[in-house]
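Visitor: Can we go through this one together? Please show it first.

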Amino acid sequence: MKNVVAIDGPGGAGKSTIARLLAEKLNYLHLDTGAMYRAVTLAALNKEIDFDNKTKLVELAKEIKIEFDLTGKVFLDGEDVSQEIRSEKVNEFVSKTAAVKGVREVLVKKQQQIAAVNKVVMDGRDITTVVLPDAEYKFFLTASLTERAKRRYEQLKKQNKEANLDEIKASIARRDKFDSEREHSPLTIADDAVVIDTTKLDIPNVISEILKIMSGDK
Ligand code: CDP
Ligand code: CDP
């Protein structure tokens with residue numbers, strides 16, 4: 001699939017930041033698929049849906065309208081929820097939503113439709129394996145758990161939000177485990193994805209590494 005870049009990896013590896021910057025450079029659309037699972041989770045919390053009620057979660061995923069603008073803002077049924085979808089409450093439940101097969105089917109279809117008509121950089125957990133296995137370029141970004149937790153901590157501090165490094169580390173580790181061990185579309189490394197360990201790489205270095213690979217220099 002020409003003009004399609006797929007990026008997967010665990011939480012805090014830098015996927016959405018790198019995907020956004022790369023999309024800007026290439027003049028492609030950026031689709032943060034994690035934001036879609038987060039939007040369904042927020043809608044379920046708002047409607048007080050039980051996260052064990054899979055049927056209701058699938059119905060909800062079909063019903064709601066998730067939109068993005070060009071600056072990366074996320075809208076749920078017309079309302080800007082860019083901040084709310086990053087809340088601790090959503091972090092806590094998002095992996096449960098994402099483990100439901102029917103929810104994944106609804107969102108994967110939307111993601112594939114977007115890639116069919118746009119040049120796109122898409123990031124998530126199953127983009128290289130399930131959503132766009134034929135993407136022209138496939139990357140798996142990772143970093144040590146300690147580094148990823150530090151990045152999240154710094155991110156929250158910058159926004160003047162409460163943050164506890166140990167709690168963040170535990171929360172990321174819990175979500176990684178759940179996402180990697182779930183039955184449907186678990187987080188795995190595609191055989192043909194290029195793995196980039198960003199533990200010691202800053203953002204510009206990751207971008208230049210990816211651009212080198214894309215231009216065939218590496
Ligand atoms: O920002 P962070 O990497 O922590 O998470 P995210 O990309 O916003 O994704 C939130 C959650 O959505 C993940 O922990 C997965 O459970 C789920 N997800 C998924 O299952 N498949 C995707 N393609 C993207 C996200
Ligand atoms: O999407 P994902 O959860 O994989 O990570 P992110 O939200 O893009 O990145 C988490 C934080 O790490 C952001 O504040 C990035 O600026 C930072 N980051 C970094 O410091 N060094 C990198 N090589 C990549 C990201």
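Guide: What follows covers a ligand site and one residue beside it.
Guide: This is a predicted model, where local features need pLDDT of at least 70, side-chain atom pairs count only at pLDDT 80 or more, and totals for chains, interfaces and linings use all residues. Residues are numbered from 1 along each chain as its sequence is written, chains are lettered from A and ligands numbered from 1 in the order in which they are written, and side-chain values use heavy atoms, without hydrogens and water.

Visitor: How many residues surround ligand 2?
Guide: 15 residues surround ligand 2, each with a heavy atom within 4 Å of it. The closest are Gly12, Lys15, Ser16, Thr17 and Arg152.

Visitor: What's the mix of nonpolar, polar and charged?
Guide: The shell has five nonpolar, six polar and four charged residues. Here Ala, Val, Leu, Ile, Met, Phe, Trp, Tyr, Cys and Pro count as nonpolar, Asp, Glu, Lys and Arg as charged, and the others, Gly among them, as polar.

Visitor: And which N or O atom in a side chain is 2.7 Å from an oxygen atom of ligand 2?
Guide: One in arginine 152. A polar side-chain atom of lysine 15 lies 2.8 Å from a ligand 2 oxygen atom.

Visitor: Switching to threonine 198: buried or exposed?
Guide: Threonine 198 counts as buried because its relative accessibility is 2%; buried means under 20% relative accessible area (1.4 Å probe, protein chains only).

Visitor: What does the side chain of threonine 198 reach?
Guide: The backbone oxygen of alanine 13, at 3.4 Å.

Technical notes: A polar contact is a pair of N or O atoms within 3.5 Å; within protein, one must be able to donate a hydrogen and the other to accept it, and residues adjacent in sequence count only if both atoms are side-chain atoms. Buried means under 20% relative accessible area, exposed over 50%, partly exposed in between (1.4 Å probe, protein chains only).
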